[in-house]
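Student: I am new to this structure and would like a close look at a single part, the main nonpolar core and the elements around it. Could you take me through it slowly, starting from a residue outside the regular elements?

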Amino acid sequence: MQIIDTAAIVTGGASGLGGATASALAAKGAQVFALDLAASIEKAEQLDGVTYVEADVTDPDQVGTAVERAAGAGAPLRIVVNCAGIGPSARILSRKGRHDLDLFRKVIEINLIGTFNVVTIAAEAIAKTEPLADDQRGVVINTASVAAFEGQVGQIAYSASKGGVVGMTVPAARDLASQGIRVMTIAPGIIDTPMLATVSDEYRAGLASGVPFPKRLGRPDEYAQLAVDIVEHDYLNGEVIRLDGALRMAPR
C-alpha cells in the first residue's frame, strides 16, 4: 500500500515512538494526525505534514472527533498506528502493601482499552474508503512490548495490558479481513524514548549491555521504520513482530 496521499492517525504522536512514526509517515507523503494529550502537544516539535489533535484514547467522543477530522481531510484514512501508553512500576506486594487496584485499572484502561477504542472507531472510518488492489483499504499497527512475554518484577499491570494487545492481534485481523483492513503489532524491547530521559548514563549502559546484538538501546526511528515497512508490505497481517535485538528480559 502506498503511503503518499493518504491520511494517517498516530496516537501518542507528540513524542517518542509516536512522534518518530508521525514524522516518518509525513515524510512519505501522508497527512498525519498525531493524537495526544494537551500537555504533550505543547512540547511537540512542529513538523510539516503533521497536525496535532488533542484526544484521550480512552474517550470515545474525543477519538471519534479526531477520526472524523482525519477522515475528512481530503485524503482517504488508511493508516492507524497506536503508540499511546503508560508504564508505571509496582509489585503485587511490596513494603508499601498491595498493588493499588486503581493503578492497575488505569494501565489497562489506557494501554489496552484505549488501543481497542481507537481500533474500533478508526476501522469504521477506514471501512468506508474505496478499496485498493486485493480489496485492501488500510492497516492498523498496535504497540505491545517484550514485557507481554517476559514481564519483569514490578511490571504486572504493564505486562497484562501489553499481553492483551498481543492477544487482540489475530482476532482483530480476522474480524477486519472482510473490510480489507490488516492488523499488526510491534513489540519493542528497550527503546531510547523520553521515558528513559531521567535515568543515569550508567543505568542506560546497563540496559544496553543486556541486549545480545546490537548492544545498544533501540531508537524511535527504528520503530518508525518498521511501521512504515508494515504499511507498505501488503502480505503482513495478524502477526506480532519483536523489535528488541534478540533481548529476552531477565526477572529484574
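Tutor: Asp5 lies in the segment before strand 1, and it is a useful place to start in this model, which is a predicted one. Most residues other than glycine have a negative phi, and most peptide bonds are trans. Asp5, although not a glycine, has a positive phi of about 65°, and because its relative accessibility is 56%, it counts as exposed.

From there the chain enters strand 1 (7-11), which is among the elements that each supply at least two residues to the largest nonpolar core. This core has 30 residues, and those that touch the most other members are Leu25, Val32, Ile79, Val81, Ile141 and Tyr223. Besides strand 1, the elements that each give at least two residues are helix 1 (16-27), strand 2 (31-36), strand 3 (50-54), strand 4 (77-82), strand 7 (138-143), strand 8 (181-188) and helix 7 (220-232). Helix 7, with six residues, gives the most to this core.

Leu25 lets us follow the contacts one by one: when neighbours within four places in sequence are left aside, Leu25 is in contact with Ile3, Ala8, Val10, Ala30, Val32, Ile79, Val81 and Val228. Apart from this core there is a second, separate one of 27 residues, which includes Ile9, Ala66, Leu176 and Val183.

Strand 4 deserves a slower look, since six of its six residues are buried. Strand 4 runs parallel to strand 1, and five bridges join the two; within this pairing, Ala8 stands opposite Ile79. Strand 4 also pairs with strand 7, again in the parallel sense, over four bridges, and here Val80 has Val140 of strand 7 as its bridge partner. In a regular strand the side chains alternate between the two faces of the sheet.

Turning to the helices, helix 3 (residues 60-71) packs against helix 4 (residues 101-126) at an angle of about 35°, the axes being 10 Å apart, and the crossing is right-handed. On the side of helix 3 the contact is made by Pro60, Val63, Gly64, Val67 and Ala71, and on the side of helix 4 by Asn117, Val118, Ile121, Ala122 and Ala125. Sorted by character, the residues of this contact are eight nonpolar, two polar and no charged.

Some loop residues complete the picture. Asp134 is found in the loop between helix 4 and strand 7, where its phi is near 60°, a positive value in a residue other than glycine; with a relative accessibility of 75%, Asp134 counts as exposed. Thr193 sits in the loop between strand 8 and helix 6 (201-209), and because its relative accessible area is 15%, under the 20% cut-off, Thr193 is buried. Not counting residues up to four places away in sequence, Thr193 touches Leu17 and Pro220. Finally, Pro214 has its place in the loop between helix 6 and helix 7, and the peptide bond leading from Phe213 to Pro214 is cis, with omega near -5°.

Methods
Residues numbered from 1 in each chain as written. Predicted model: local features only at pLDDT ≥ 70, side-chain atom pairs only at ≥ 80, totals over all residues. Heavy atoms only, no water. Core = buried A, V, L, I, M, F, W, Y, C linked by side-chain atoms within 4.5 Å. Buried < 20%, exposed > 50% of the residue type's maximum accessible area, 1.4 Å probe, protein only. Contact = heavy atoms within 4.5 Å. Pairing = 2+ DSSP bridges. Axes fitted to C-alpha atoms, helices over the stretch in contact; angles between N-to-C directions. Left-handed = near helix turned anticlockwise from the far one by under 90°. Nonpolar A, V, L, I, M, F, W, Y, C, P; charged D, E, K, R; others polar.
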